[in-house]
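Please open the model in a viewer and keep the selection panel at hand. The stops below indicate what to select next and what is to be found there.

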Number of protein chains: 2
Amino acid sequence: METAQKILNSAEALIQKHGFSGFSFQDIADEIGIRKASIHYHYPAKADLGRAVIQRYRTRMAEVGNSLDLKEDGLNHWQALALYLEPIVQLGRTPGHACLCGVLGGEYLSLPDAMQAEIAGYFDEQITWLTDLLDSGRAAGAFRFHGSAGEMARLLFGAIEGGLLIKRTTGDIEFIDRILTTAQALLGGEP
Amino acid sequence: METAQKILNSAEALIQKHGFSGFSFQDIADEIGIRKASIHYHYPAKADLGRAVIQRYRTRMAEVGNSLDLKEDGLNHWQALALYLEPIVQLGRTPGHACLCGVLGGEYLSLPDAMQAEIAGYFDEQITWLTDLLDSGRAAGAFRFHGSAGEMARLLFGAIEGGLLIKRTTGDIEFIDRILTTAQALLGGEP
DNA sequence: GTCTATACAAAGATAGAC
DNA sequence: GTCTATCTTTGTATAGAC
């Protein structure tokens, strides 16, 4: 694997565990077996590395939703929702893991501008996608709920982000599953 | 004011902005006008200060709910819920602010044990309290919702914690208000 | 209780050899 | 591309005078 990729992978895992100001180039160097000075060749400053990590994460997560074409794939809205939630369930079941951007939300105000922009973009993108799904799903008669789709999407996405942080402190491996089950019930799932 | 109190106040604000590993004794010293060495007299190590900050926050927030005696104060469940949510609404409307424990959830895995215990205790306490309110409120006919009160409390509290983090990145001052309005509708508020 | 002074480790980053 | 070596700043923490 390319060194740049190894660095990204290592940095992503370290940020999830310790936050941005909680990991160092030395940590990465130790993990992948190079010297910390070598990291600067690929990412001149720590802010550059941070931005690249979030950018990749953001793209990866956006593709989950964007790759779902309801008509072409013959999916109903419930199936699309389940596929969208799949990576989140995985994070929820893996001890110690959380959403990268949720973690970085804690230190948001002291992060470099480029990183802030990526994080804000991620949240905005995710909420917009979920809003659209809820909206069209309700119009199609699949989901049933009161109020605006946007508000419901904000509540549900907030619950996911918050839940992924809280579950790490409880050690309850099913914390997220329960939240998602409840969320699906709110959309008219199995009442 | 006592120096120890000034230190706590400063530390709490700094943690909310920059996270635990993102602030230093120097930051506090600058804010309250003493030398950083003096801080060690009140809190020997940074971990001691961190634990004290969370402990105070946890107690303060627990008292919000525990001070509400429905029978004695002649409150109905909706009023109790509104009073419980009041401090959260305040956080939501103050730019840059978030829940202290939500912020620290991002760096949870690298925090000292004593701090982890306080954070986990805070989440547990809050969810338990909310669960009880939802449970008794439904029994009293005030709230209407399907499923277990505990699951609903986890979803709602997760949405609060996640929402308080996300709203800092959007600058939307009404982000939390909208989530709470939606949450109240889910409990059978104004359908 | 607060100060000066200092020890010590670790951080981000750069220069230049290979 | 990666290395060694080094610079500079900042961090936590302690000792001892006042």
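Begin with DNA strand C and display its protein surroundings, bearing in mind that this is a predicted model. Sixteen is the number to look for: 16 residues surround DNA strand C, and the closest are Lys46(A), Thr3(B), Arg35(B), Ser38(B) and His42(B). Of the atoms of DNA strand C that come within 4 Å of the protein, sugar and phosphate make up 64%.

Next, select the phosphate oxygens of DNA strand C together with three side chains. In chain A, a polar side-chain atom of Ser24(A) is placed 2.9 Å from a phosphate oxygen of this strand. In chain B, an N or O atom in the side chain of Thr3(B) lies 2.7 Å from a phosphate oxygen of DNA strand C. The side chain of Ser38(B) likewise has an N or O atom 2.7 Å from a phosphate oxygen of DNA strand C.

Switch to a cartoon representation and colour the helices. Which elements each supply at least two residues of the surface near DNA strand C? They are α2 (25–32) and α3 of chain A, together with α3 of chain B. The most is given by α3(B), with four residues. Colouring this surface by residue class shows seven nonpolar, six polar and three charged residues.

**DNA strand D**

Now move the selection to DNA strand D. Here 16 residues surround the strand, and the closest are Arg35(A), Ser38(A), His42(A), Lys36(B) and Lys46(B). Of the atoms of DNA strand D within 4 Å of the protein, 63% belong to sugar or phosphate, and the rest belong to bases.

Three individual contacts deserve a closer view. At Arg35(A), show the backbone: one of its polar backbone atoms is 2.7 Å from a phosphate oxygen of DNA strand D. At Ser24(B), show the side chain, where an N or O atom is 3.2 Å from a phosphate oxygen of DNA strand D. At His40(B), look towards the bases, for a polar side-chain atom of this residue lies 3.3 Å from a base nitrogen of DNA strand D. The elements giving two or more residues to the surface near DNA strand D are α3 (36–42) of chain A and, from chain B, α2 (25–32) and α3 (36–42). The largest share, four residues, comes from α3(A). By class, the surface near DNA strand D comprises seven nonpolar, six polar and three charged residues.

**The two chains**

Hide the DNA and superpose chain A on chain B. The operation is a rotation of 180 degrees with 0.0 Å of shift along its axis, and the RMSD is 0.0 Å. This is the relation of a two-fold axis. Selecting the interface residues then shows that the copies meet through the same surface, because 100% of the interface residues of chain A are also interface residues in chain B.

**The nonpolar core**

Select the largest nonpolar core, which has 130 residues; the members that touch the most other members are Ile28(A), Leu49(A), Leu134(A), Leu49(B) and Leu134(B).

Centre the view on Ile28(A), in helix α2 of chain A. Is this residue buried or exposed? Ile28(A) is buried, with a relative accessible area of 0%. Leaving aside residues up to four places away in sequence, Ile28(A) touches Ile7(A), Ser10(A), Ala11(A), Leu14(A), Phe23(A), Ile39(A) and Leu49(A). To add a distance, pick the C-alpha atoms of Ile28(A) and Leu133(A): these residues are 105 residues apart in sequence and 38 Å apart in space.

Proceed to Leu49(B). With residues up to four places away in sequence again not counted, its contacts are Ile7(B), Leu8(B), Ala11(B), Phe23(B), Phe25(B), Ile28(B) and Tyr43(B).

**Two buried residues of chain B**

Select His77(B), located in helix α6 (residues 77–93) of chain B. His77(B) is buried at a relative accessible area of 12%. Beyond residues up to four places away in sequence, His77(B) touches Leu70(B), Leu133(B), Ser136(B), Gly137(B), Ala140(B), Ala142(B) and Phe143(B).

Finish at Gln126(B), in helix α8 (residues 113–139) of chain B. Gln126(B) counts as buried, at 5% relative accessibility. Not counting residues up to four places away in sequence, Gln126(B) touches Met61(B), Ala62(B), Tyr84(B) and Phe157(B). Show the side chains of Gln126(B) and Tyr84(B), which are joined by a polar contact of 2.9 Å. Lastly, the C-alpha atoms of Gln126(B) and Leu180(B) are separated by 16 Å, the two residues being 54 residues apart along the chain.

Note on methods: Residues numbered from 1 in each chain as written. Chains lettered and ligands numbered in written order. Predicted model: local features only at pLDDT ≥ 70, side-chain atom pairs only at ≥ 80, totals over all residues. Heavy atoms only, no water. Core = buried A, V, L, I, M, F, W, Y, C linked by side-chain atoms within 4.5 Å. Buried < 20%, exposed > 50% of the residue type's maximum accessible area, 1.4 Å probe, protein only. Contact = heavy atoms within 4.5 Å. Near = heavy atom within 4 Å. Polar contact = N/O pair within 3.5 Å; in protein donor to acceptor, adjacent residues only side chain to side chain. Nonpolar A, V, L, I, M, F, W, Y, C, P; charged D, E, K, R; others polar. Least-squares fit on C-alpha atoms with pLDDT ≥ 70 in both.
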